[in-house]
There are 2 protein chains.
Amino acid sequence: MSTPAPSVPEPSRELLQRAAAVRRSAMALGQLGDGDRQQALGAMADALEAARASILAANQEDLAAAAADGLAPALIARLKLDGPKLDGAIAGVRQVAELADPLGRRQLHTELDRGLVLERVTVPLGVVGVIFEARPDAVMQIAALAIRSGNGAILKGGREAARSCAAILEALQSGLAASRVEAEALALLTSREESLALLKLDGLVDLIIPRGSNALVRFIQDNTRIPVLGHADGICHLYVDAAADPSEALRVALDAKTQYPAACNAIETLLVHEAIAATFLPPAIEAFTAASVELRGDPAACGHGVAAAASEADWSTEYSDLILAVKVVADLEEAIAHIGRYGSRHTDAICTTDPVAAERFLAAVDSAGVYLNCSTRFADGFRYGFGAEVGISTQTLPPRGPVGLEGLVTYRYRLRGEGHIAADYARGERHFSHRPLPL
Amino acid sequence: MSTPAPSVPEPSRELLQRAAAVRRSAMALGQLGDGDRQQALGAMADALEAARASILAANQEDLAAAAADGLAPALIARLKLDGPKLDGAIAGVRQVAELADPLGRRQLHTELDRGLVLERVTVPLGVVGVIFEARPDAVMQIAALAIRSGNGAILKGGREAARSCAAILEALQSGLAASRVEAEALALLTSREESLALLKLDGLVDLIIPRGSNALVRFIQDNTRIPVLGHADGICHLYVDAAADPSEALRVALDAKTQYPAACNAIETLLVHEAIAATFLPPAIEAFTAASVELRGDPAACGHGVAAAASEADWSTEYSDLILAVKVVADLEEAIAHIGRYGSRHTDAICTTDPVAAERFLAAVDSAGVYLNCSTRFADGFRYGFGAEVGISTQTLPPRGPVGLEGLVTYRYRLRGEGHIAADYARGERHFSHRPLPL
């Protein structure tokens, strides 16, 4: 998917039929109770354990083909599914079974008038389409999250992981066969044409979840009317305020950049208040250099010892690597303005001991995550306590930020009456009470 | 907008600057407290009252021009803003001021570890873009909802209402000048080019709300990457079950079709269980005919006396008029399947005295509103008790159904630490507690 085709093909008749079968199975799945869905996840995990050897063998074949094709080592690392990794993924399926049921929660309960009662309850979305690159373990995670939340899933993995994904899906479906969930609630797409046509299945697919490169996400956003849960860019900032504790700020900055530089929640730009720059920057430059981080500074930062000069493009680049842009700002407001201009509204942090500056930053920075005195690397569904994550969204509307099971549900209004008609209220013969009832 | 241009122009430099000014003002507005925003709405209402004569005069000019241009009577009726209608709209602005503040609500509060506390709070979306046809009173309603929820708004009314909209916006801005909200938080677009280019203001506009014809909504959905709150179709159904109370079902059916046939929540198709068709249909045909409703039936319905035959296209047509398609179904499942195939997931109802059939319908019909023994005409923000409505959404993801102020807010995660870094947890030196804290 790294060089997307210019146009998205119409779905084939065969794809439409398969997607309709997923939808039918998903509608039945959505009617099942909590216990049935938990049991299905247990059966999926059991079946994965039973198919352990064939899954590992399929992955070996994928790895051999990838090596023969000269795939990049980073891609091969993501493709690799060894015993411990598979066991971890299976344990993950069992953990998702233990998460609280996201369905059937009553969010609103109002008596509109005597005998006319409105409620809003959570229900599954329907069918999610998931497009991911390389990592075959994503199939297990996403399938577990989808079934737990009552949704069908159409999955498309990278071509290089085709054998692994097929073996995993076969196991998952054989597990479902030992449950009340139909095996057709999960489907695997195998060709590139199918994965592109998936983007045109509005009415059959309710949400697209891309898990891959920025280019993949952007291509999908531009080529579908189906809502997309994800984010193209993760340009996160750490602002070191005049009133920061310098050693704490440096510890946070190093973690935010180096703990896992390829993650979307790693920082790309460090903003430093000019009043603390002379104190903070020299030891920071030393520590970052020791951690193999290449620094690129604005003129003021270079004046404090940053060796390379940043260009305009640096402020809007997601390096996903051991590179960090550094800028000295005149004050908090300049930091907020810089983040507003160049940030991707993912996660941005301030280090300060000044409560006024802290609250101003937390109120004014318009990102999904706004942090005080801690690393941006905490932006993650597991770390937030959601148990599992379908992705991180940088769109403005909810679901925003790290998205757990609740991103895979929506709600429905149910109104129960006793023959109530609108004309009685329009004529003023009856009146709404709008009395809140207990949830 | 009824014959949309094939391509959407790039925003002009002037439009970009105006939109950026709205965004800057909106960011400041988003920091204001509840009282400041309530006071601003009061000032807007006062200014509208002070400008009453000039607004009514501007509307008279629009009406004269519309008459000279030979506009359709229905359009002229929507365009007309007389004294009572204006007073009602001003009262509406004051009512929106009294609604509960949708901002700053804490939805989640978790201690991730000692000293590391996560919260999720509601915040404004930022800037909403509203495109509406004719009705100038919509300017007042939308502006009030936007300011109340801390959002800026870029408004584009129909060309035929240009003078009315300009007079209203001038009053609203003079009202804001007597408040802590900047007048630039509201902007009015006047040309067709600008309204099209609005669709390309991603990054400056967070949500598009179209209020107009199905063709307008569909065009907008197809031509913007900005999320769209609205619905193209409203194909609602009433299913009269075998166990329905025939006279109650007929009363509900008449209300759902005739109380306001142009509304999106009026029914377009009546589904009748074959076991009750011989009892229900003959008096229903008589009553609908007396109410000037044209009926179009499938062969079985025609066998019970419906005069005209329905074509395949009738099942997916939103008449918005006194026309109703009628189909006899073998059972509840056929009714559910018909709604799944032809419905627009807006609002669908069942009339039955059988609790099993009722619960099956309420669980299986995948629409924003699913009703039992009452008219689909209740699908409305005011009737649901939301106080005001920005629109009705038929998308699957929230906000879904009638959308009140909460559709104009999102949330943000705030994390406060004391120098916490992710590496400590990755190394197993610290552990997450994920302890829920009181909201």
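This passage describes the contact between chains A and B and the strands around it in a predicted model.

Local features were taken at pLDDT of at least 70 and side-chain atom pairs at pLDDT 80 or more, while totals for chains, interfaces and linings use all residues. Residues are numbered from 1 along each chain as its sequence is written, chains are lettered from A and ligands numbered from 1 in the order in which they are written, and side-chain values use heavy atoms, with hydrogens and water left out.

Chain A was divided into domain 1 (13-222) and domain 2 (236-378). These bounds come from an automatic or database domain assignment. The C-alpha centres of the two domains of chain A lie 37 Å apart.

Chain A and chain B each bring 73 residues to their contact, where contact means heavy atoms within 4.5 Å. The size of an interface is often given as the accessible area lost when the parts come together. Here the buried area is about 6,200 Å² (accessible area lost on being put together, 1.4 Å probe, summed over both parts). Carbon and sulfur atoms give 53% of that area.

Polar contacts join 60 residue pairs between the chains, both residues at pLDDT 80 or more. A polar contact is a pair of N or O atoms within 3.5 Å; within protein, one must be able to donate a hydrogen and the other to accept it, and residues adjacent in sequence count only if both atoms are side-chain atoms. Strand β16 (residues 409-420) of chain A gives the most to the chain A side, with 12 residues. Strands are DSSP runs (E, at least two residues), numbered from the N terminus. The interface also holds 14 salt bridges (a side-chain nitrogen of Lys or Arg within 4 Å of a carboxyl oxygen of Asp or Glu). One of them links R345(B) to D206(A), with the closest N and O atoms 3.2 Å apart.

An open sheet of 11 strands includes members from both chains, with mixed pairing. Strands pair if DSSP finds at least two bridges between them. In the sheet order, β16(A) is followed by β13(B). The edge strands are β17 (435-436) of chain A and β10 (308-309) of chain B. Within chain B, β9 (residues 294-297) and β11 (residues 323-329) run parallel over 4 bridges. L295(B) has L324(B) as its bridge partner.

Strand β2 (residues 116-124) of chain B has 8 of its 9 residues buried (under 20% relative accessible area, 1.4 Å probe, protein chains only). β2(B) runs antiparallel to β1 (residues 106-113) of chain B, through 6 bridges. D113(B) stands opposite L116(B). This hairpin has 2 residues between its strands, and G115(B) takes a positive phi near 80°. β2(B) also pairs antiparallel with β16 (residues 409-420) of chain B, over 8 bridges. There V123(B) is the bridge partner of T410(B).

Conventions. Buried means under 20% relative accessible area, exposed over 50%, partly exposed in between (1.4 Å probe, protein chains only). Buried area is the accessible area (1.4 Å probe) that two parts lose on being put together, summed over both.
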